[in-house]
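Please look over the model below with an eye to how its structural labels are justified. What supports each label is the subject of the exchange that comes after it.

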Amino acid sequence: MADRLCVVTGTSSGIGLALAGALLARGWEVLGVARREAPLRHPGYAHARVDLADPAALEALCAGPLAAALARPGRARLGLVNGAAVIGPAGPVAALTAGPLARAFLVNAVAPLRLTGAVLAGAAGRPVRVVDVSSGAAHRPYAGWSAYCASKAALRMAGQVAAVEADAYPPGVAGPADLSVVTYEPGVVDTAMQGEVRATPRSAFPALDRFLELHAAGHLVDPTRPAREIADLLERDGGPRHEERRLNG
């Protein structure tokens with residue numbers, strides 16, 4: 001049994017899939033979470049097929065597979081990578097409706113915050129490394145991306161709060177003493193999400209041409225590059241309570 005466990009969301013494709021493979025190669029045990037099955041077959045990999053936009057399913061994950069994985073003895077280090085995200089709904093604020101907006105916030109902000117809390121609550125004093133996969137959209141407003149920008153900004157702040165709480169509460173109340181949270185921007189990565197972006201009508205997303213040009217010029221980042229950096233962050237000793245990192249940063 002591996003002595004390190006990492007929970008990774010979004011392992012059916014993209015960065016999450018690449019990261020799960022990288023961690024397994026380094027001797028980690030991985031609990032992957034995604035709406036679809038993951039193309040991984042490895043004795044150290046377990047998969048939970050969960051729609052993170054479903055609060056009941058999220059709670060069942062926390063109480064079931066996640067709690068069981070955290071409770072198994074022999075884990076010297078715990079990791080959590082909040083990688084799953086949705087890009088939509090796209091379009092002007094005046095055209096958005098509550099249902100798609102709620103889904104975006106559930107997947108991009110609520111689920112990562114809940115999973116962070118579950119890992120911290122089950123840490124039992126073990127070191128914890130949390131990496132929240134972020135975006136430049138957490139800092140910069142894009143017309144047509146209010147849901148994505150706002151939910152990614154919410155995730156960024158949630159990670160900062162979790163880090164601050166480690167020193168604001170008595171030991172053990174808000175998680176282990178050895179906690180580090182990283183808000184990580186991987187750049188424009190060659191994933192299915194970027195395919196969705198390029199398929200968005202220009203009428204809904206005025207900045208479309210920038211992403212079409214990056215793809216046409218071959219400037220999209222291969223998912224294995226951020227996966228390696230995230231794996232390094234998970235294995236790092238020490239580090240600040242919270243920091244923001246970018247690819248190659």
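The questions and answers that follow concern a predicted model.

Q: How do you know that cysteine 6 is in no disulfide?
A: A disulfide requires two cysteine sulfur atoms within 2.5 Å, and the sulfur of cysteine 6 is 15 Å from the closest cysteine sulfur, that of cysteine 62, which is too far for a bond. Cysteine 62 is likewise in no disulfide, and the search of the whole structure finds zero disulfides.

Q: Why is cysteine 62 called buried?
A: The label applies under 20% relative accessible area, and cysteine 62 has a value of 8%, so it is buried. Cysteine 6, with a relative accessible area of 0%, is buried by that criterion too.

Q: What makes β3 and β7 edge strands?
A: In the open sheet of seven strands, the order is β3-β2-β1-β4-β5-β6-β7, with parallel pairing. β3 and β7 (242–246) each have a single partner strand, so one side of each is left without a neighbour in the sheet.

Q: Why are β2 and β3 called paired?
A: Two strands pair if there are at least two bridges between them, and β2 and β3 have five bridges, in the parallel sense. In β3, histidine 47 is the bridge partner of glycine 32.

Q: How does the reach of helix α1 compare with what is expected?
A: For the 12 residues of α1 (residues 14–25), 16 Å is expected at 1.5 Å a residue, and the helix reaches 17 Å from its first C-alpha to its last, which is close to that value. Its buried residues, including Ile15, Leu19 and Leu23, pack against elements among them β1 (4–9) and α7 (224–235).

Terms used. Residues numbered from 1 in each chain as written. Predicted model: local features only at pLDDT ≥ 70, side-chain atom pairs only at ≥ 80, totals over all residues. Heavy atoms only, no water. Helix = DSSP H or I, 4+ residues; strand = E, 2+ residues; numbered from the N terminus. Expected span 1.5 Å × (residues − 1). Buried < 20%, exposed > 50% of the residue type's maximum accessible area, 1.4 Å probe, protein only. Contact = heavy atoms within 4.5 Å.
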